[in-house]
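Trainee: I have a model open and would like to go through its ligand site and one of its sheets with you. Shall we begin?

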Amino acid sequence: MINEILIFLSGIFFGFIFILFFKIKTNKKSDNLNPKSEKIFNPFKFFDLIKDEIIICNKNKEITYVNKSAKKKFGNDLLNKYFSNILRDPDLIEKTNQTYKKKINTFIDIKINQPTFQAYKIKIFYIKDQTEQNDYTCMFIIRDLTDIEKASIIKSDFIANISHELRTPLQSFKLGIESIKNSLKNFKNDHTQNFINIVEKDTLRMEKLVSDLLVLSKIEQQEHRIPKDKVNVSLIVKESLSILDPLIKKGEIQIENEMDDNLIVIGQTERLKDVFINILENSIKYSNPNKTIRIESQETEKKLEIKITDQGIGIAKEYIHRVTERFFRIDPEKSKSVGGTGLGLAIVKHIITQHRGELRIESELGKGSTFLITLPKTI
Ligand code: ADP
């Protein structure tokens, strides 16, 4: 009996030793496959391979880490300095303070003019430090857009200059056409009169194109300047409608303006007028006679939504997302015949973006389109 117990116990003992030995062996094997890699893994090494500048700050906004690109751009002696000493921009300081206060991730585009022009897109990440309670850091990922912005400024300046130069000869053409038309009044020459009418129509279209290009380049140059004024958008819509009155009458269109009076948004009056004139003009141009255009509004605490609905030709689903592209026209001949330039909705989109608003388009071919414009009520 004792022998049997001894054999049983020694069986357990050797079994235990075998399992232990096997475990050590397999552990050794996996150690060999992954030799101490976790212990020496350093994520910061990857940051040095990234082209963007990366800066990490502690909760006191002092710099605790700088990657290679950031050292190259901003200097080697950044540690322990305040982040605000590197890029002195009031909006960036405000955004950084917000990130620290609200503990959120955010981003900002900044342009600095002094001592030299610089443009950056900066993503700010709030990171909770898992090792110490209630401690946190902020990581700034900075993308240098200076060269891209400079090229875009040169392009806008070029378009603005050309458009400006074209305005004067266009005025001369218009005067010339006017006087030819007057002198042809008493002649019965249909052919010449038709020809002059075509030249007049094309001159007017070119004038509209030049003025649209000028507006577009002006907006592009001011895109980073967020409007700060309180404006009465109900009045802007009414003024836009009165400017378009001759077109409304000519197109035999009914207008139902259901907007409340004295609705206030943050914006620029002239630019918002461009938005409503362009959208309403399209609704008139792309509607048949006796159709209705309805204007409605809806308010939330922070935003105002203006809804413009027409009963026009509509936009096919596959084109809706493209109509705000420059020079995109679904039917170029139709656009030409109604005096379009293909720039109207591109201008609208740019202005709404500058206002930190939103444009949504819903449409059904043959039934009509709805343009929903959201604008901020507070800064
Ligand atoms: P355009 O000067 O040609 O009207 P826009 O940029 O204003 O240029 O509009 C782009 C295109 O979107 C137009 O050519 C037209 O095909 C389409 N579109 C715009 N608004 C409407 C609308 N209310 N109904 C139908 N199609 C529209």
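Trainee: How do the residues of the shell around the ligand divide into nonpolar, polar and charged?

Mentor: Happy to help, and keep in mind that this is a predicted model. The shell around the ligand has 21 residues, and Asn 282, Tyr 286, Ser 335, Thr 341 and Leu 345 come nearest. By class, the shell divides into nine nonpolar, nine polar and three charged residues.

Trainee: Which residue has a polar side-chain atom 2.7 Å from an oxygen atom of the ligand?

Mentor: Let's go through the polar contacts, where the cut-off is 3.5 Å between N or O atoms. Lys 285 places a polar side-chain atom 3.3 Å from a ligand oxygen, and a polar backbone atom of Ile 330 is also found at 3.3 Å from an oxygen atom of the ligand. The side-chain atom at 2.7 Å from a ligand oxygen belongs to Ser 335.

Trainee: How much of the ligand's exposed area does the protein bury?

Mentor: Start with the ligand taken alone, which exposes 530 Å². Of that area, the protein buries 97%.

Trainee: Which element gives the most residues to the shell around the ligand?

Mentor: Three elements give two or more residues to this shell: helix H10 (269-285), helix H13 (344-354) and strand E12 (368-376). With three residues, the one that gives the most is H10.

Trainee: Which strands stand at the edges of the open sheet of five strands?

Mentor: Follow the order, E7-E9-E10-E12-E11, in which the pairing is mixed. Each edge strand has a single partner strand, so one side of it is left without a neighbour in the sheet. The edge strands are E7 (254-257) and E11 (358-364).

Trainee: By what angle are neighbouring strands of this sheet turned against each other on average?

Mentor: Here direction is ignored, and the value is an average over neighbouring strands of the sheet. That average is 15°.

Trainee: What is the bridge partner of Ile 255 in E9?

Mentor: E7 and E9 (residues 292-299) run parallel, joined by four bridges. In E9, Ile 255 is partnered with Ile 293.

Trainee: What angle does the direction of H13 make with that of E11?

Mentor: Two helices are worth viewing against this sheet. Helix H8 (residues 233-243) lies across E7, E9, E10 (303-309) and E12, running at about 170° to E7. H13 packs on the sheet too, touching E11 and E12. Its direction relative to E11 is about 140°.

Conventions: Residues numbered from 1 in each chain as written. Predicted model: local features only at pLDDT ≥ 70, side-chain atom pairs only at ≥ 80, totals over all residues. Heavy atoms only, no water. Near = heavy atom within 4 Å. Polar contact = N/O pair within 3.5 Å; in protein donor to acceptor, adjacent residues only side chain to side chain. Areas by Shrake-Rupley, 256 points an atom, 1.4 Å probe, with all protein chains shown as cover. Nonpolar A, V, L, I, M, F, W, Y, C, P; charged D, E, K, R; others polar. Pairing = 2+ DSSP bridges. Axes fitted to C-alpha atoms, helices over the stretch in contact; angles between N-to-C directions. Contact = heavy atoms within 4.5 Å.
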